[in-house]
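Student: Could you take me through one part of this model closely, in a single connected account? I'd like to see how it sits against its surroundings before we look further afield.

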Amino acid sequence: MDWDKLRIFHAVADAGSLTHAGDKLNLSQSAVSRQVRGLEEQLNTNLFHRHARGLILTEQGELLFDATTAMTKRLDAAAARIRDSEEEVFGELRVTTTTGFGTLWLAPRLSKLYDKYPDLKVDLMLEERVLDLPMREADVAIRFKEPSQADLVRKRLMTVRMCLYATPAYLKENGTPDTMAGLSEHRLICQNTDSDQVGAGLNLIQELMLNDLKSLLTVNNYFGVLQGVLHDLGIGVLPDYVTQDSPHLIRVLPDVQSAEVPVFLAYPEELRQSQRVAAFKDFVQDEIISYRKQLKET
C-alpha cells in the first residue's frame, strides 16, 4: 500500500473530517478526498461512513486505523531514538505515574531537574491506568508493581507502606486512638474502595472499615486524602512518603500499616540510550537516596 495514502487516511480518521485533515496536512479537501478514494479502490472496500456531520470509520476502516496508529507510534519511537543520540538533554519527556505519587512526591521535586536541564520539557501524565510504554503512550513510568512486559528496562526504586496520619490540631481536639477499636470514635479519610489503587492499600482500608467508624470521607486519590488530613478533618490512610514534605503530621497507631509496595521505574528497551531518560532516571535516583537518608535520620 502507498504510505502517502495511508498517512492521509490516518489524518482523516484521526480528525474525523476531510477539511480538518487537509488543514493539518496543508492539502486541499479535494486532494485529501482523492487520496482516500484511491486507497478505498485499492483495497476494494469502504473505509468511512459519510454523513453530513463528518466521517465515521467502518469496521474495515477501524482495522486499518489500528494498524496506521501502531505504525505512527513506531515511527515516533524511531524519531525519538534518533534525537536521543544527541549528547544534550532537551526536548519532551513524557512521564506517567499515579495521581498520588505524581502530585505528592514527584511534582514538588521537579524544580531540581529543571535547574539542571532547563531545555527539558516534561509532560507529566497522572492517572491510575497503566500506559503502554512499548506503544509509546509514554516514555517513562513510575509504577507500584513490577512491569510484566519483557521489552522494558526496569529498576526498583524503593518500597512504600500505607499508614495512618493526622494533624496535631485534630488529635488535640479529638484525642489519639491507642487501639484499632478506638478508631470508631474518629473520622477515617481514605481512598474509595472502588477506585484504582495498590492492593496493599486496599487491604488495609478494608481492614480498617471493619471497625464501627464514627464517620468516613473517601476520595479517589491520595492527594485528596492528604488535603482532608491537612485541614483537620480526620485520620487519613496515606503513603509513608508524605511525611518528607509534611513532617508535622503525626503517625497514628504506628503498628498499623500495609504490606510493602514496591516502586519501579520503567522505560522501553529502545530508549536505553536516551539522554533524556537517563537524566530523569538519575534525578529520581538522587531524590530517592535523599529520601532514604531522611528516613534514617527521623
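Tutor: Let's settle one term before we start: contact here means that heavy atoms lie within 4.5 Å of each other. Please also keep in mind that this is a predicted model.

The part I'd pick is helix α3, which covers residues 29-43. It has 15 residues, and the distance from its first C-alpha to its last is 21 Å, close to the 21 Å expected at 1.5 Å a residue. Two other helices, α1 and α2, make contacts with α3, so let's take each in turn, citing the residues as we go.

Start with α2, residues 18-25. The axes of α2 and α3 come within 8 Å, crossing at roughly 105°. That angle makes α2 roughly perpendicular to α3, because anything from 65 to 115 degrees falls in that class. On the α2 side the contact involves L18, T19 and G22, and on the α3 side Q29, V32 and S33. By class, the residues of this contact are 2 nonpolar, 4 polar and no charged.

Between α2 and α3 runs a loop, and N26 is found in it. The backbone of N26 has a positive phi of about 60°, although N26 is not a glycine. N26 is also exposed, since its relative accessible area is 70% and the cut-off for exposed is over 50%.

Now turn to α1, residues 3-15. Its axis and that of α3 come within 9 Å and cross at roughly 110°. This again gives a roughly perpendicular pair, α1 against α3. The crossing in which α1 passes α3 is left-handed. From α1, the residues K5, L6, I8, F9 and V12 take part, and they meet V32, Q35, V36, G38, L39 and Q42 of α3. Sorted by class, the residues of the contact of α1 with α3 are 7 nonpolar, 3 polar and 1 charged.

Put the two contacts side by side and V32 stands out: it is listed among the α3 residues that meet α1, and also among those that meet α2. Burial adds another layer to this picture. The buried residues of α3 are A31, V32, S33, V36, G38, L39 and E40. So which of them have we already met? Citing the contacts again, V32, V36, G38 and L39 belong to the α1 contact, while V32 and S33 belong to the α2 contact. Just past the end of α3, N44 takes a positive phi of about 55°.

With that part in place, here is a second helix pair to set beside it. The axes of α5, residues 99-106, and α9 come within 7 Å and cross at roughly 55°. These two helices are therefore oblique to each other. Their contact brings G100, T103 and L104 of α5 together with Y222, F223 and L226 of α9. It holds 4 nonpolar, 2 polar and no charged residues. In the loop between α9 and β10 you find D232, whose phi, near 65°, is positive although the residue is not glycine. D232 counts as partly exposed, because its relative accessibility is 36%.

Let me finish with three buried residues elsewhere in the chain. V95, in strand β3, counts as buried at 0% relative accessibility. Beyond its neighbours within four places in sequence, V95 is in contact with L106, V122, D123, L124, M125, V140 and F280. M158, in strand β6, is buried too, at 4%. Again leaving aside neighbours within four places, its contacts are F101, V261, P262, V263, I288, Y291 and R292. Q244, in helix α10, is buried as well, because its relative accessible area of 15% is under the 20% cut-off. Outside its neighbours within four places, Q244 touches W105, R109, S290, Y291 and Q294. If you'd like a residue to link the last two sets, try Y291, which appears in the contacts of both M158 and Q244.

How values were computed
Residues are numbered from 1 along each chain as its sequence is written. This is a predicted model: local features need pLDDT of at least 70, side-chain atom pairs count only at pLDDT 80 or more; totals for chains, interfaces and linings use all residues. Side-chain values use heavy atoms; hydrogens and water are left out. Axes are lines fitted to C-alpha atoms, for helices over the stretch in contact, and angles run from 0 to 180 degrees between N-to-C directions. Helices (H or I, at least four residues) and strands (E, at least two) are DSSP runs, numbered from the N terminus. Angles under 35 degrees count as roughly parallel, over 145 as roughly antiparallel, 65 to 115 as roughly perpendicular and the rest as oblique. A crossing is left-handed if the near helix is turned anticlockwise from the far one by less than a right angle, and right-handed if clockwise. Ala, Val, Leu, Ile, Met, Phe, Trp, Tyr, Cys and Pro count as nonpolar, Asp, Glu, Lys and Arg as charged, and the others, Gly among them, as polar. The expected span of a helix is 1.5 Å times one less than its number of residues. Buried means under 20% relative accessible area, exposed over 50%, partly exposed in between (1.4 Å probe, protein chains only).
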